[in-house]
Amino acid sequence: AHSGGGGGGAVSPLDDCKHCTGGVQTCCDKTTCCGSGTNAMCCGVGTQCCNGTVCCTADESCCGDPGKDGGICCVRENTFCCPRDAVHPSRCCPRWSTCCTGGRYGCCPLPGAPAHG
């Protein structure tokens, strides 16, 4: 599974969905099934599946990267999702920046924003 990047840490899968009943909708322990096939996992109570690859907590938002990496979790308070562009995959950028094709990791400082290290 994708471990999340730039932002928050991903929640560890709780159970393997292939041991569950009820198809891909419900896991053995009543958590939510995320993904399909051999990479399927169960997201715990209070988490959400992000593009079938990672479970995000309530204080994170899903930053999807369909067709490539699946998804990452961005910490809502400090980061936001920048979608895939010609140079960078989807990524979490700090709230004091903007999405761009240059800059460090595709995140450029906003004009007049304080310097953050």
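Student: Let's start with C55: is this residue buried or exposed?
Tutor: Keep in mind that we're looking at a predicted model. The cut-off for buried is under 20% relative accessible area. C55 comes in at 0% relative accessibility, so it counts as buried.

Student: Which strand does C55 lie in, and how far is C55 from G44, C-alpha to C-alpha?
Tutor: C55 is part of strand 4, which covers residues 54–56. G44 sits eleven residues away from C55 in sequence. In space, the C-alpha atoms of C55 and G44 are separated by 7.9 Å.

Student: Zooming out, what does the secondary structure of the protein chain come to?
Tutor: Reading along the sequence, you meet β again and again, in the pattern β-β-β-β-β-β-β-β-β-β. Put as a tally, that's zero helices and ten strands.

Student: How much of the protein chain is buried?
Tutor: The chain has 117 residues. Its accessible surface is about 6700 Å², with 54% of that belonging to carbon and sulfur atoms. As for the buried residues, their share of the chain is 34%.

Student: Of the contacts with a separation of 6 or more, what share is between residues 24 or more positions apart?
Tutor: Here we take the contacts in the protein chain whose separation is 6 or more, and pick out those joining residues 24 or more positions apart. Their share is 20%.

Student: Where is H88 found, and is H88 buried or exposed?
Tutor: H88 belongs to the loop between strand 7 (79–82) and strand 8 (91–94). Its relative accessibility is 14%, and the limit for buried is under 20%. So H88, though in a loop, counts as buried.

Student: Which residue has its backbone nitrogen 3.4 Å from a polar atom of the H88 side chain?
Tutor: Leave aside the neighbours within four places in sequence, and H88 is in contact with C100, T101, G102, Y105 and G106. The backbone nitrogen that lies 3.4 Å from a polar atom of the H88 side chain belongs to one of these, G106.

Student: Which residues does T101 touch, not counting those up to four places away?
Tutor: T101 is placed in strand 9, residues 97–104, and at 49% relative accessibility it counts as partly exposed. V87 is 14 residues from T101 in sequence, yet their C-alpha atoms are 5.9 Å apart. With residues up to four places away left out, T101 touches D85, V87 and H88.

Student: Which residue forms a salt bridge with D65?
Tutor: Side chains of opposite charge can pair when their charged atoms come close. For D65, the closest N and O atoms of the pair are 2.7 Å apart, inside the 4 Å cut-off. The partner of D65 is R84.

Student: How many residues apart are D65 and R84, and is D65 buried or exposed?
Tutor: D65 sits in strand 5 (residues 60–65) and R84 in the loop between strand 7 and strand 8, so the pair links distant parts of the chain, 19 residues apart. R84, at 37% relative accessibility, counts as partly exposed. D65, at 3%, counts as buried.

Student: Which residue does D85 meet in a salt bridge?
Tutor: The count of salt bridges comes to two. In the one with D85, the N to O distance is 2.9 Å. The partner has 8% relative accessibility and counts as buried: R91.

Student: Which residue in the turn between strand 9 and strand 10 has a positive phi?
Tutor: Strand 9 and strand 10 (residues 107–109) pair in the antiparallel sense over four bridges, with R104 standing opposite C107. The two strands form a hairpin with two residues between them. The turn residue with a phi of about 60° is Y105.

Student: What is the phi of N51 near?
Tutor: N51 is in the loop between strand 3 (48–50) and strand 4. With a relative accessible area of 39%, it counts as partly exposed. Its phi is positive although N51 is a residue other than glycine, and lies near 50°.

Student: What is the mean pLDDT of the protein chain?
Tutor: In the chain, 68% of residues reach 70 or more, and the mean pLDDT is 76. Over residues 1–12 the pLDDT is below 50, and so it is over residues 20–24. Where pLDDT is low, the predicted coordinates should not be read in detail. For the chain, then, the mean pLDDT is 76.

Notes:
Residues are numbered from 1 along each chain as its sequence is written. This is a predicted model: local features need pLDDT of at least 70, side-chain atom pairs count only at pLDDT 80 or more; totals for chains, interfaces and linings use all residues. Side-chain values use heavy atoms; hydrogens and water are left out. Buried means under 20% relative accessible area, exposed over 50%, partly exposed in between (1.4 Å probe, protein chains only). Contact means heavy atoms within 4.5 Å. Accessible areas come from the Shrake-Rupley method with a 1.4 Å probe; for residues, only the protein chains shown count as cover. A polar contact is a pair of N or O atoms within 3.5 Å; within protein, one must be able to donate a hydrogen and the other to accept it, and residues adjacent in sequence count only if both atoms are side-chain atoms. A salt bridge is a side-chain nitrogen of Lys or Arg within 4 Å of a carboxyl oxygen of Asp or Glu. Two strands pair if DSSP finds at least two bridges between them. pLDDT is the predictor's confidence in each residue, from 0 to 100.
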